[in-house]
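Let's take a walk through this structure together, going from single residues to a chain interface and on to salt bridges. Keep the view open as you read.

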4 protein chains.
Amino acid sequence: MRFGLLGAGRIGRIHGLNVAARADATLVSVADASAEAAASLAATAGAKVATADAILADATLDAVLICTPTDTHADLIEAAVSAGKAVFCEKPVDLDAERIRRCLKVVAQSGKPLMIGFNRRFDPNFAALESRLRQGDAGAIEIVSVISRDPSPPPVDYVKRSGGLFRDMMIHDFDMARFLLAEEPVEVFAVGSALVDPAIGEAGDVDTAAVLMRTASGRIAQISNSRRATYGYDQRIEVHGSKGMLRAGNIHETTVEIATGAGFRADPVQNFFLERYAAAYRAELDAFIVACRGGKPPVPTGLDGLKAQILADAATESKRTGKPVAVALDTL
Amino acid sequence: MRFGLLGAGRIGRIHGLNVAARADATLVSVADASAEAAASLAATAGAKVATADAILADATLDAVLICTPTDTHADLIEAAVSAGKAVFCEKPVDLDAERIRRCLKVVAQSGKPLMIGFNRRFDPNFAALESRLRQGDAGAIEIVSVISRDPSPPPVDYVKRSGGLFRDMMIHDFDMARFLLAEEPVEVFAVGSALVDPAIGEAGDVDTAAVLMRTASGRIAQISNSRRATYGYDQRIEVHGSKGMLRAGNIHETTVEIATGAGFRADPVQNFFLERYAAAYRAELDAFIVACRGGKPPVPTGLDGLKAQILADAATESKRTGKPVAVALDTL
Amino acid sequence: MRFGLLGAGRIGRIHGLNVAARADATLVSVADASAEAAASLAATAGAKVATADAILADATLDAVLICTPTDTHADLIEAAVSAGKAVFCEKPVDLDAERIRRCLKVVAQSGKPLMIGFNRRFDPNFAALESRLRQGDAGAIEIVSVISRDPSPPPVDYVKRSGGLFRDMMIHDFDMARFLLAEEPVEVFAVGSALVDPAIGEAGDVDTAAVLMRTASGRIAQISNSRRATYGYDQRIEVHGSKGMLRAGNIHETTVEIATGAGFRADPVQNFFLERYAAAYRAELDAFIVACRGGKPPVPTGLDGLKAQILADAATESKRTGKPVAVALDTL
Amino acid sequence: MRFGLLGAGRIGRIHGLNVAARADATLVSVADASAEAAASLAATAGAKVATADAILADATLDAVLICTPTDTHADLIEAAVSAGKAVFCEKPVDLDAERIRRCLKVVAQSGKPLMIGFNRRFDPNFAALESRLRQGDAGAIEIVSVISRDPSPPPVDYVKRSGGLFRDMMIHDFDMARFLLAEEPVEVFAVGSALVDPAIGEAGDVDTAAVLMRTASGRIAQISNSRRATYGYDQRIEVHGSKGMLRAGNIHETTVEIATGAGFRADPVQNFFLERYAAAYRAELDAFIVACRGGKPPVPTGLDGLKAQILADAATESKRTGKPVAVALDTL
């Protein structure tokens, strides 16, 4: 399978190198607004530098990886599927749910596969948990809890154009909650504060937030987010069900433990998302390739991207109004 | 210090025997509607059986422990403080916040000490966590999470007269959240479902619930409850702060672990609240005695009881209306 | 069951109060060389002070607890069983195996029950592990590992009259190894050093030691001891078998954990043997009473005491000579 | 740095691909008795197939990786250093310590670097532990414990030509004990049994073994090995010192945990040594390249290989004779 890559930034580089490392896929060409970034990745991966247009026009390419800034995603997805490519696009499709809807129509008309990069579904720990949940190990699902805490807040400039915490950060957790709940949320209630960095509050956003959702049958999902965690990148899920509880946690930097008069001390948890989710990125790419080859739609779909965005929009609205917001994901 | 005990049921028995086991306190007399229950406890504890009236009238008693059914608490508190006794009363003071308010006025006028039995504050694990929180080990408090799951649901008959999950079960967690937040919640949003036992739903109550609260400065508290946990009595707290995270968890039945091809298996956690909180009940009584002796008001106070009740009422209302409910605990 | 107690020191006090706390047993009388110690315990436990002779002569007593200094144990056991008492004696019976043998003959002739205080067998964690081992949860036993580390070394004066680390401290671990192996060791090899306190070395003893034993069928036991552990009283066992591994570990002071940039820190483990083994002492006494009442010989028996002593002697000899020492416990 | 690889079996393949994945190294040529194995690896790694002689004669190569059967190691090391290559050789150098000595003389005369593949020193967990030990985090070293248990026994045919468990399996643990003790053992005592597979016993070997070593200053090392562990590849180290205890343990397959009425169950630990030590193999190669480039002798050295072999020989002798065996590693 021959790939072109649009966007050679931090995440594009990960995907590009993962393609290059596979025996059954080739990274053919790389485009980036920064010639240097494109050249550097192309050199390492044995690919060539190209323009985005050239990549979209290259009939020898089977698939395109979109890792460009968010505001270009929808246009590039439409262009790529229209050019007959399978598309893997980093989340989110767009910050505007309406734009996503239009984009997904173009994708549907094209008949080409589109996969959205909710990498956490592919974390081996979370994937194993979900698989056991589906086997019924925890029985009927009752309460889903998702905790996500970043090691440190992003620059305020980034925050300002991010769409806000619910759309930029918690969107991963909305997708994870949907993944685990196995039933669509019908209502979203959100609270949030700027406790980490007052400048984030001045920019109109929050850095500490929690959401409560429920489904039609009464399942409950709790999410909490912080833009700061001194002890590493905190990524935990827990599902309470009729037969028991399933949970998956963090990975410590090493297994070393020291015991002294001060107690027993283990390492902080892995601090960097590229390290924490390295295996997830590989598994995600693998799922894309396997689905495309097998002629099956890759998951998470564009619709999954839209639904997570709608939940993020609802949370943003709930935080603004102080009221719960109803959503109707089943009717999309 | 000489004690009379009103109510020799399960929890009265615990407190009565804890008094009897102390070198500095004596359980003098025990009253219960069941003559048998009173006699059995009196025999074991080396006390005598008496009527409630006789206990209240006994001028040699310094303190009264009230462990009778909820609907008698307020009357008995009023009678006991009016009779010049220090009073320890099991939670809740009453299911009606107005009745609690009137009762607390009587207590205030009497000048006698009243302590409410929120035993979990005295659990050595939770108490140590709170103490370290106060020392600033976790920095500024940002997110408080409380998980409480009972091993199995109570009979529906009990549920019907319990005041509902938020007042009967989650009230402990409202007190714990206040204990940890160190700032009063100003808003309560609740969701709940009957997922464990449909008969609980038919009785108008829920058995699975979650609450989201925030304080004026933006601190967030999450609570989740279930009336069922297959793996034991699940009692966990976690506080995320600017400097780090503090958490305290469950106690397994033993430290034994077995490793086989099926993995590493540890015991379930302690299943019974009287076992889980045995040390807490002793420490709670100790705090009551130390405060009374030292002439200081024992904590948790009657006001703590009222505030927890108001939060439980607000959650009940929020669940009913589907809207967040504002509370003003600071102005009480 | 009516008890007399010989020896009201630290451990005598524990046993005496445990008797007094039972509904089915009475601590009648207490003897101690220190009148003050005897009086203090007697007062707390509702017993009377008596001489050892008077206790042995008191025909109303069913059982005697021997908690006096080691060099009096054998004489007192003989006197007590000859006076028709059931006897519980703290370990060791004597520092001289020959003396133990003679004592056990007297016990055998008397037909009275004798139980030796290897309390660790009754620790709920270790007892549960052993029970599961007997059920076959770990399959055939292959390697038994016992770790015992005291928080801090005893005074050198105590060390000098203790019989040495192998007889004073590791004797518990020899008993535990036998308890778990379910087959007698046939050979003992020991190494030891004075690394904690040079004065212990000057006194001719070691403070850091390890032993390797094997049984006739080839099972292996490893023991390691240190007279110092900064992180608490370290008491762990692990059994590796054909079907898996069973282990039981330490109990932390609380379940509180703090996570910061320095990592995740849990409390030290319980530091004091009376706290760590409080439940074990209660269960041990219960086993003695149940056995005596049921007319069954209590376990650990006097022979268990002898066998542990022989292993301790063998380890002492092995350390002295640098060679493994054969033992023949099956022929006793 | 240009590499030739001798031996394209399981471990040769790992090292070859690790070379190929580096930007600063090239796998130029691969030799193996099996043309197929050589061709397959060469194709994947972008190398060519060559004979061992051709690789040794290729003046463009800087280094040779020796991953052939054990009985060829010493000859190939001598040939390679004589041909001017830096050499990385899998453990052991030879099963005969005398042969190792002669080989190391040839290496010394050549002046070329030789590194022996004791991969476990490079495991990130064990390396971090050792580094903290060197910083003094645990204080003065007192007791070193190493546990190694393979998931399942090798075929008896392999056992017969392996040199026995002490030389084939425990040699890694002898190296690890030396790595951690920071002082040479002066005495080795070993016990061993065939408990896993009687055929291993019939072949004259053991499958379950333990060793006790001491150093001149009195430090103690315990090692235990089993050829079977139902719960995965069990690899643990623990160091007890004057200031505390450092330990490093196993890595579970995932972080998923399930809690039910049967307790809390975590995954087995990683089962396969290539997975468990994947990071160690990469770090080991990196250390070799960094040392060669920097003109420093790579560690573990040939002498480390010799010392581990002498300890394995001593353990084998101790098991045979039933007596401790003195070793004098400091005088080599």
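In this predicted model, B:Leu181 has contacts with B:Ile141, B:Val144, B:Thr215, B:Arg219, B:Ile220 and B:Ala221, leaving aside residues up to four places away in sequence. You will find B:Leu181 in helix 9 of chain B, which covers residues 171–181. Is this leucine buried or exposed? Its relative accessible area is 1%, so B:Leu181 is buried, the cut-off being under 20%. For a sense of distance, look across to B:Ala21: the two residues are 160 apart along the chain, and their C-alpha atoms are separated by 34 Å.

Staying in chain B, turn now to helix 4, residues 70–82. How well does its length agree with what its residue count leads us to expect? At 1.5 Å a residue, the 13 residues should span 18 Å, and the end C-alpha atoms are 19 Å apart, which agrees. The helix does have a kink of about 25°, and the centre of that kink is B:Leu76. B:Leu76 is also one of the buried residues of helix 4, along with B:His73, B:Ala74, B:Ile77, B:Glu78, B:Ala80 and B:Val81. Among the elements that cover these buried residues are strand 1 (2–6), strand 4 (63–66), strand 5 (86–90) and strand 6 (114–117) of chain B, together with helix 3 (52–57) and helix 5 (97–110). Just past the end of helix 4, look for B:Gly84, which takes a positive phi of about 85°.

Next, let's move to where chain C meets chain D. Each side brings residues to the contact: 42 from chain C and 42 from chain D. Between them the two chains bury about 3000 Å², and 61% of that area is on carbon and sulfur atoms. There is a polar side to this interface as well, with 14 residue pairs in polar contact between chain C and chain D, counting pairs with both residues at pLDDT 80 or more. Which parts of chain C give two or more residues to the side that touches chain D? They are strand 7 (141–149), strand 8 (185–193), strand 9 (208–215), strand 10 (220–226), strand 11 (234–241) and strand 12 (245–248). Six salt bridges are found across the interface. In one salt bridge, the side chains of D:Glu142 and C:Arg228 come together at 2.1 Å, N to O.

D:Glu238 gives a good view of the interface from the other chain. This glutamate lies in strand 11 of chain D, residues 234–241. Its relative accessibility is 10%, so D:Glu238 counts as buried. Which chain C side chains does the side chain of D:Glu238 meet in polar contacts? One contact, of 3.1 Å, is with C:Arg149, and another, of 2.8 Å, is with C:Arg236. Leaving out residues up to four places away in sequence, D:Glu238 touches C:Ile147, C:Arg149 and C:Arg236 from chain C, and D:Ile143, D:Val144, D:Ser145, D:Met245, D:Leu246 and D:Arg247 from chain D.

Salt bridges deserve a tour of their own, as the structure holds 112 of them over all chains. Start with B:Asp150 and B:Arg227, whose closest N and O atoms are 3.6 Å apart. This pair links distant parts of the chain, 77 residues apart: B:Asp150 sits in the loop between strand 7 and helix 7, and B:Arg227 in the loop between strand 10 and strand 11. B:Asp150 counts as buried at 16% relative accessibility, and B:Arg227 counts as buried at 3%.

For a salt bridge within a helix, go to helix 13 of chain B, residues 302–321, where B:Arg320 and B:Glu317 are three residues apart and therefore separated by about one helical turn. An α-helix has 3.6 residues a turn, so residues three or four places apart point the same way. The two side chains meet at 3.1 Å, N to O. B:Arg320 counts as exposed at 63% relative accessibility, whereas B:Glu317 counts as partly exposed at 33%.

Chain C has a salt bridge between C:Glu317 and C:Arg320, also at 3.1 Å, and both residues lie in helix 13 of that chain. To finish, visit chain A, where a network of salt bridges links A:Arg121, A:Asp175, A:Arg178, A:Glu184, A:Asp304 and A:Lys307.

How values were computed
Residues numbered from 1 in each chain as written. Chains lettered and ligands numbered in written order. Predicted model: local features only at pLDDT ≥ 70, side-chain atom pairs only at ≥ 80, totals over all residues. Heavy atoms only, no water. Helix = DSSP H or I, 4+ residues; strand = E, 2+ residues; numbered from the N terminus. Expected span 1.5 Å × (residues − 1). Bend = angle between axes of the 7 residues up to and from the residue. Buried < 20%, exposed > 50% of the residue type's maximum accessible area, 1.4 Å probe, protein only. Contact = heavy atoms within 4.5 Å. Buried area = accessible area lost by both parts, 1.4 Å probe. Salt bridge = Lys/Arg side-chain N within 4 Å of Asp/Glu carboxyl O. Polar contact = N/O pair within 3.5 Å; in protein donor to acceptor, adjacent residues only side chain to side chain.
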